[in-house]
Amino acid sequence: MQTHARAPVGRRRFLALGGTAVATAALGGCALPVSGSVGGPGETVTVMAKPDDISADLVQQARRDLGVRINTVLYSTSKLIAMMTDGNPPDLVRGVGAVDAPYFAARGVMENLDPYFAKSAVLRPADLDPVNDLWRYDGRTQGRGPRYGMAKDFSQDSMYWYNTALFDQAGVACPPELEPVTFDEWLDTAKRLTRRRNGQTTVFGGSYNGVLTPNLLASLAVAAGGSIFTEDFSRVDFTAPEARKALGWYIDYCRTRVGPSIVQPDPNAWDGPTFQANRLAMSNSGYWLGGLINTDGKLAPLSRLAPAPVFAGGRRTSPCQAGTGFWIPSGSHRKDAAWRVFEWFFGEAPAKARASGGWGIPTLKSLRPLMPDQEDYQKRVLKVQEAELRHFSVIAFTPYASADSLYALFNQIAPAAMNGAMSLDTLARRLNSAMNDQLKRGKEQVG
């Protein structure tokens, strides 16, 4: 027996904010009880994802393993809105837990999955890594309350990889294995590692852009002992001492041009190829980048993973800035079948394959023994990563604006400061003004 789908969300309740379309359904009540059996053979589940989330091979594997057909739809916010307002939403939707969970949960369009987790023999709550708390929201704060999704794998994204050969060539001592350096020490090291020729950067000393600038700044501010948000998440305040410190450090990183940024883009668009080409000495990509590093027999023995930096006198924290996974729309007509695919994807064959490949830390604790540890360099990486896990914490994000919309505003305003044409205090005030207008509109929508 299926749970009942909610009525279609009215199109008038979807508003465009800063070029990003957002869903604004009223907050719903608790999910209805689920049936004891889920997802029979022969059903079709529509999954809205990006190409790397669900490959054609996985679609075929689901048909073999589950007898379920997966119909994939390319992820698009506008397409998601159209499907939900037409009363025929996808059955599974990809999302970035660190920023999407509070945003969509506050708008009442995500199914509360607690009843499913409670009955599952595959995804047992006691086996869930704490990173999955990114997908919880209690109506006010992320990290508490019902579960609305799950991460497929994760990294502590403030950790960074470094290339020991580039350190040796520059005559720079490698970082301590288990003790964090300060952010100022990290930036000073990046300056010493940067190489330029004829006005062109030949080796970036370090990349520190995080997953997306708004949640990077949120993480930096917590490390400095504060937050970029007010207590109720309805406003940002970059003039607060800790938030200003976080913003100032990131602007200094961009100004010094030791690494890629919006004023000095990496031609490869992301750190992986640049690190692999020995043109990037440090990359804050977290454990996840090991999936690429492990495929390169020359690079892997030279690569090390280091703890997340700290601010002097600040808090040691090592968050996940992504936690990408899936959620089930509350309007889905095939929730039980979607949950069976959910279980399979997060706890069965696909999850085991991801864990053994090194592309992220498994989000089930029982799958951690599958993480690659055959080589000495992999054992070193795991030693650092296992020690770092105790410093994980959820960095709560605002439910009142999408990270993409705040990112767009940051990219409009910040380049002048990165180029030295705007003071940090002016930048902080302008970010406050623009972002708080956005947040105010979002709060009015959520109610």
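Reader: Which residue in S15 is the bridge partner of Gly149?

Author: Trp327 is the bridge partner of Gly149 in S15. This is a predicted model: local features need pLDDT of at least 70, side-chain atom pairs count only at pLDDT 80 or more, and totals for chains, interfaces and linings use all residues. Residues are numbered from 1 along each chain as its sequence is written, and side-chain values use heavy atoms, with hydrogens and water left out.

Reader: How do you know that S8 and S15 pair?

Author: Two strands pair if DSSP finds at least two bridges between them. Three bridges join S8 to S15 (residues 324-327), so the condition is met. The two strands run antiparallel. Strands are DSSP runs of E with at least two residues, helices are runs of H or I with at least four, and both are numbered from the N terminus.

Reader: What makes S4 and S8 edge strands?

Author: The open sheet has five strands in the order S4-S3-S5-S15-S8, with mixed pairing. S4 (69-74) and S8 (149-151) each have a single partner strand, so one side of each is left without a neighbour in the sheet. The twist averages 25 degrees from one strand to the next. S4 pairs with S3 in the parallel sense over six bridges.

Reader: What makes S3 mostly covered?

Author: Five of the six residues of S3 (44-49) are buried. Buried means under 20% relative accessible area, exposed over 50%, and partly exposed in between (1.4 Å probe, protein chains only).

Reader: Why is Phe233 called buried?

Author: Its relative accessibility is 9%, under the 20% limit, so Phe233 counts as buried. Phe233 is in the loop between helix H7 (213-223) and helix H8 (241-256). Its phi is near 65 degrees, a positive value in a residue other than glycine.

Reader: Why is Asn198 called exposed?

Author: Asn198 has 76% relative accessibility, over the 50% limit, so the residue counts as exposed. Asn198 lies in the loop between S11 (195-197) and S12 (200-203). Its phi is also positive, near 55 degrees.

Reader: Why is Trp288 called partly exposed?

Author: The value is 33%, in between 20% and 50%, so Trp288 counts as partly exposed. Trp288 is in the loop between S13 (282-283) and helix H10 (290-293).

Reader: What makes S3 residue Met48 and Val73 opposite partners?

Author: Met48 stands opposite Val73 in S4, and S3 and S4 pair over six bridges. Six satisfies the requirement of at least two, so the pairing holds.

Definitions and conventions
Axes are lines fitted to C-alpha atoms, for helices over the stretch in contact, and angles run from 0 to 180 degrees between N-to-C directions.
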